[in-house]
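Me: Please walk me through how the helices and strands pack here. Keep it brisk.

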Amino acid sequence: MTRVASFVFMLTLLVGIAPPLMAQRPQVPGDLGVALDAERRGDFAAAAVAYQRALAANQADATALMGLERSLEPLNRSGEMLVPAQAAVARAPSPAAYSVLVRAWVTHRNVDSARAAVAGWSAMAKGEPAPYRELVQALVRTRQRAEAKRAVEWGRVQLGNDNAMAYDMAQLRASEGDWTGATREWLAAARELPGYRLTALAALTPVPVRERATVRTALGTERTLEARELEAGLLARWGDPDEAVKVLIAALPSDRVRASEALRGFASGLQTRPDAARARGAALEELARRNSGDAAARARVEAAQAYQQAGDQAAARRVLAALPAGRSGSAAAASAGSTLIGVLLSEGKPAEAEAELAKLRDRLPADEWQALRRSIALGWARAGQLDRGAAALAGDSTVEGLAARGRLALFRGDIKTAVDLFRAAGPYAGSREEAAHRTALLALVQPLTADTLPALGAALLALEQGDSARGAKVLEQVGDALPAEKGGAGVTLLAASVRGSLGDSTDAEALLRKAAASALPATAPAAELELARLLLAQRRSAEAIGLLEHLILTWPESATVPEARRALDEAKGAVPPT
Amino acid sequence: MIRRRFMGTTAAAVAALALPAPLRGLGAIRAPWLLAPMDDTQADHLKAYGVAFRALERGEKVEWLLNYRSGSFLLPGSAATARDAALAGVTVHDADAGAVTSIRAEIEQANMDAVPLEKAPRVAIYSPPNAAPWDDAVTMALEYAGVKYEKVWDQEVIQGRLPDYDWLHLHHEDFTGQFSKFVLNYAGAPWLTEMMQRNQDMARALGFSSVPEEKRAVAQRIAGFVEQGGFLFAMCTATETIDLALASAGTDIAASFADGTPMAADANARMDWSRGLAFENARLEQSPTMAVFSDIDGHQVNSPDRRQELGAFTLFDFSAKIDPVPTMLVQNHRQVIPDFYGLTTSFNRRTLKPGVTVMAEEPGAPWVKYIRGEVGQGTWTFYGGHDPEDPQHQIGDAPTDLALHPHSPGYRLILNNVLFPAAKKKELKT
């Protein structure tokens, strides 16, 4: 194609395409369009000039007036807004023009004139708080907080409503550290508009510890459920969820719907707080007590799950036992069954858990059923019955199943099979904690050259069963028997960690020194770091500092270096203790 | 000779590359210099000051490259410095003769300068003996960076020990002797009772009839230390109250809870501002029930009706070659820094003496944040606010952990002051 032909072709394309493209852009007339374009580009000086031209044509053009205000602000020329705002109000008074005028007077620090503008605006919008709120917010923006408070009080008198603008007043009081006043205002704001309840909760959460009693006292002056909900929410966020749920339950009304709403809201707020699982369980149990049918059953199952998460198996069982019989087909019953299996496994009863699971065979989704089978398999392993564990995993070809079979193989001491299965499962199977645990196990056994090592399997199984003393003892023996570079150092390091967790610091220190002496990049820095921590706990700072410096300088590429630097800072007193 | 040095440097570079990672950087063959960049590539800005300080302590020469990569340090390429930087996690790069020549050429052509640092300053912190190290930003900065200091308090000051030091930092002390007016909000708190008792005991032991009288004498000794060539750095309440104490010689400006008598009714008229360091024409807060000292502070954090919100302050740009002192003091990788409260947060422009140099301000606000000046042969720097990384600092707050803020631009300003007295004397003249 020649250059001319190409040009003609492109021109044809452009002519054909341009009209539809142009049609998509909003058509803004003349100066206003130019102003908006300039403002969008960030050329505020040009935007201001164009807005001024638009206002010259129509002084009451609210879009141009507010655009001019926006453009002058970044140019530090907000003071110029007074004349156009006055002209706009004189020409055609409107809320938009008045709001600009109020802000302009406040910028000029002329509060009396700003109030006069508010009065004019208020005459157009009788009973509306908007004019007063505009004044308050403008005063806050220009740091005239005392005036802002006076403006709230003036607005309240004018509106005949002592609670008007409580939201604004609450923030003003809080900014002064007047938490009693702020609390009262937040309660008033939440009474006017329930949506403010969550805002109040968020705003009062950062109250300093020493002021919290003051806030509770202020809340106590109001004997409403809203006040108790706020108090309970705050207590939960301040770290006392058990007291929080007591406060809430004691204040619940007989109205089932309102009480359920309060309980459900409280429980939802604790959903992501593992430390508040017991309180959540209590709220849900109370919710179940106040409801019937499916709603009660669902709440009861959730309560049992929360109690189980909190480690309170007895409470979980109590709640599950209260589930009504004869509803075996319901989803709630299936969830209850799953929860019960978890409780039984926590109690070391895999046979009963297996029997319970059998009842749920047709009612659970396949993936949930398989997950429970894997839990039961590990339950059997903890009970020392590895064959029954393996049987429970039969037919499970998921990556999570491979990982679980790998763990069982490891408990048997079948290192090769375990490594193969862990590798096949990959790094992402299961939860993050499971994946991290599996990676740590893989790192431990990969340097081993033997295909089988039953003693190591027995030690790891003892740890799984919670018998740390026996686990540590066997790990020490295995570590002694293996060459350091063939996995011995890693096993010794694990034995040292277990000894340390048992409070046996003498043995732990000896084992850590042995692992550190291996000079292996994968083990020595970790052993040195753990040894330094042990020494710091024993107030042997000088030795710890020497070790940490050695670690940082000898193993600069080790992933433990950031932790070592932190420990070194703490040892030297360069940062507050963790 | 030049060729031999070149060959030596090249051989060292090749050898260093050949060394395994743990040994490279610490090996015997090294580049002659280490560059600690202070721009965003620095892994720990605050500890870099400590590395420079300790190199000076070892008798090594350091250069502060003003405005070069946000105020970098050219450190000796010694094994000790390389080891120190590695331990501290401070980013350093080997710099051979060619690299240094190129840096110097760049410095020559821009608003930059290279200032030799010669001697580690002897640092003292004015602080009560049992003050927690975590309640004072300078102490925290020095501890974190690993800069050595000693503590002095009223006894050492009155006994004339200040000339033993080059640099004095004032803990957030109330030199008007009114216990920071904490009595109004914290009366009966054990820590306040203990603080008052300690101060009263010290005043008695030193032969003064009241704490306000004793603190004024301390303030006068400190002003004398500056006149004689000392470097003074103050933050928070110490900035405002040392000037109030100095200007009120012969006038009772303390409330009755501090000395048993009310403030003199004509105290404002009797203030002699010529005695102060930084301020003039300020108005004293005469109400004993207001936890405020004067209108020097722009933010008035403890006055509900006057308290101003925090904004951000902007560091000024100075000419490195003509004004090296303020240039050193504002070296930073950020020019705009979020503001932070203190009992004295900022300084009203209206109250500044004409000779005061403003180094940071909040644009459009009637206050400034960071100022300096000279008195006699010495120099002072005032930095408003309590803790740059705890903007709302409240009594009883958890201590700031600077390991979580290794790049804090607010803390860098403090550490600029620590190294500033190390600069070669002739470089300090402006």
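**Sheet and helix packing**

Reply: In chain B, 5 strands form an open antiparallel sheet, ordered S4-S1-S3-S2-S5. Strands are DSSP runs of E with at least two residues, helices runs of H or I with at least four, both numbered from the N terminus; two strands pair if DSSP finds at least two bridges between them. This is a predicted model: local features need pLDDT of at least 70, side-chain atom pairs 80 or more, while totals for chains, interfaces and linings use all residues. Residues count from 1 along each chain as written, chains are lettered from A and ligands numbered from 1 in written order, and side-chain values use heavy atoms, without hydrogens or water.

Me: Which strands of chain B stand at the edges?

Reply: Each edge strand has a single partner, so one side of each lacks a neighbour in the sheet. They are S4 (93–95) and S5 (113–117) of chain B.

Me: Which helix of chain B packs on the sheet?

Reply: The helix touches S2, S3 and S5 of chain B. Contact means heavy atoms within 4.5 Å. Its direction makes about 35° with that of S3(B); it is H2 (residues 45–57) of chain B.

Me: How do H20(A) and H21(A) run, roughly parallel or roughly antiparallel?

Reply: Their axes, lines fitted to C-alpha atoms over the stretch in contact, give angles from 0 to 180 degrees between N-to-C directions. Helix H20 (residues 331–346) and helix H21 (residues 350–359) of chain A pack at about 170°, axes 8 Å apart. Under 35 degrees counts as roughly parallel, over 145 as roughly antiparallel, 65 to 115 as roughly perpendicular and the rest as oblique. So H20(A) and H21(A) are roughly antiparallel.
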